[in-house]
Amino acid sequence: VTVFSTSTAALYVGGHIFTGNQNAATTTVSSCGTSPILEGNDTAGTIIIGSGVVTSCTLNFGASFANPPITTLGVYGTTVTAGITSETTSSVTFGFSASFGGGQFNYMNIDESN
C-alpha cells in the first residue's frame, strides 16, 4: 500500500514508513543546550543536544497533534538514562538523569487519535 498526499501525510508499507515533513511550520527544539541539532520532524528523528549542562530537552511540534502522541525514545552511547517528563499536543519534553550536553537520542511520535 502506498499513499502520498502533498497536503496531509505520506505512508509506504513495504518495510518502511515515510515521515516527510508535510507541515508549513517547522519542528524545533528548545532548552537543549547551546546550538542543538534536530534531524527529523514531528513524527521521528534524532536530536543532538548542544553543549552545556543539559538535563532536559523539549521537542516542539510543527503542527499540533489532536491528542498527546505516544512517544518513544532511545538513548545510546552513554550511561545517562532518559524519560518523558511532559507530553502535550504541541510538545514533548525529555528529562535526563544527569547532564547530557553533547549527547544524542532518537524519538518517535505516533498519533493516537481515533
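Visitor: What share of the 114 residues of the protein counts as buried?

Guide: In this predicted model, 29% of the 114 residues count as buried. The protein exposes about 6,300 Å², and carbon and sulfur atoms supply 54% of that area.

Visitor: Why is Thr27 called buried?

Guide: The relative accessible area of Thr27 is 6%. Buried means under 20%, so Thr27 with its 6% is classed as buried. Thr27 lies in the loop between strand 2 (10–12) and strand 3 (28–30).

Visitor: Which residues does Thr27 touch, not counting those up to four places away in sequence?

Guide: Thr27 touches Leu38, Asn41, Asp42, Leu59, Asn60, Phe61 and Gly62.

Visitor: What makes the approach of Thr27 to Asp42 a polar contact?

Guide: The two side chains come to 2.4 Å in this pair. A polar contact requires N or O atoms within 3.5 Å, one able to donate a hydrogen and the other to accept it. The value of 2.4 Å falls within that limit, and the pair is therefore listed as a polar contact.

Visitor: Why is Thr79 called exposed?

Guide: Its relative accessible area is 78%. Exposed means over 50%, so Thr79 with 78% is placed in that class. Thr79 is found in the loop between strand 7 (70–75) and strand 8. Thr79 and Phe100 are 21 residues apart along the chain, and their C-alpha atoms are separated by 9.9 Å.

Visitor: What makes Phe61 and Phe65 an edge-to-face pair?

Guide: The structure holds four aromatic pairs. In the pair of Phe61 and Phe65, the ring centres are 4.8 Å apart and the planes stand at 75 degrees. Rings pair if their centres lie within 6.5 Å, and planes over 60 degrees apart count as edge-to-face. Both conditions are met by 4.8 Å and 75 degrees, and therefore the pair bears that name. Phe61 and Phe65 are both buried. Ring pairs also link Phe94, Phe96, Phe100 and Phe105 into a cluster.

Visitor: How many helices and strands does the protein have?

Guide: There are zero helices and ten strands. Four strands form an open sheet in the order 3-6-9-8, with antiparallel pairing.

Visitor: Why do strand 3 and strand 8 (82–87) stand at the edges?

Guide: Each of these two strands has a single partner strand, so one side of each is left without a neighbour in the sheet. Neighbouring strands of this sheet are turned by 25 degrees against each other on average, direction ignored.

Visitor: How do you know that strand 6 and strand 9 pair?

Guide: Strand 6 (residues 56–60) and strand 9 (residues 91–96) share five bridges in the antiparallel sense. Two strands pair if there are at least two bridges between them, so five bridges satisfy the requirement. Asn60 stands opposite Ser91 in strand 9.

Visitor: How do strand 8 and strand 9 pair?

Guide: Strand 8 and strand 9 pair in the antiparallel sense over five bridges, and Ser86 stands opposite Thr93. These two strands form a hairpin with three residues between them.

Visitor: What makes strand 9 mostly covered?

Guide: Six of its six residues are buried. In a regular strand the side chains alternate between the two faces of the sheet. On one side of strand 9, Ser91, Thr93 and Gly95 are buried, and on the other Val92, Phe94 and Phe96 are buried. Both faces of strand 9 are thus covered.

Note on methods: Residues are numbered from 1 along each chain as its sequence is written. This is a predicted model: local features need pLDDT of at least 70, side-chain atom pairs count only at pLDDT 80 or more; totals for chains, interfaces and linings use all residues. Side-chain values use heavy atoms; hydrogens and water are left out. Buried means under 20% relative accessible area, exposed over 50%, partly exposed in between (1.4 Å probe, protein chains only). Accessible areas come from the Shrake-Rupley method with a 1.4 Å probe; for residues, only the protein chains shown count as cover. Contact means heavy atoms within 4.5 Å. Rings of Phe, Tyr and Trp (its six-membered ring) pair if their centres lie within 6.5 Å; planes under 30 degrees apart count as stacked, over 60 as edge-to-face and the rest as tilted. Axes are lines fitted to C-alpha atoms, for helices over the stretch in contact, and angles run from 0 to 180 degrees between N-to-C directions.
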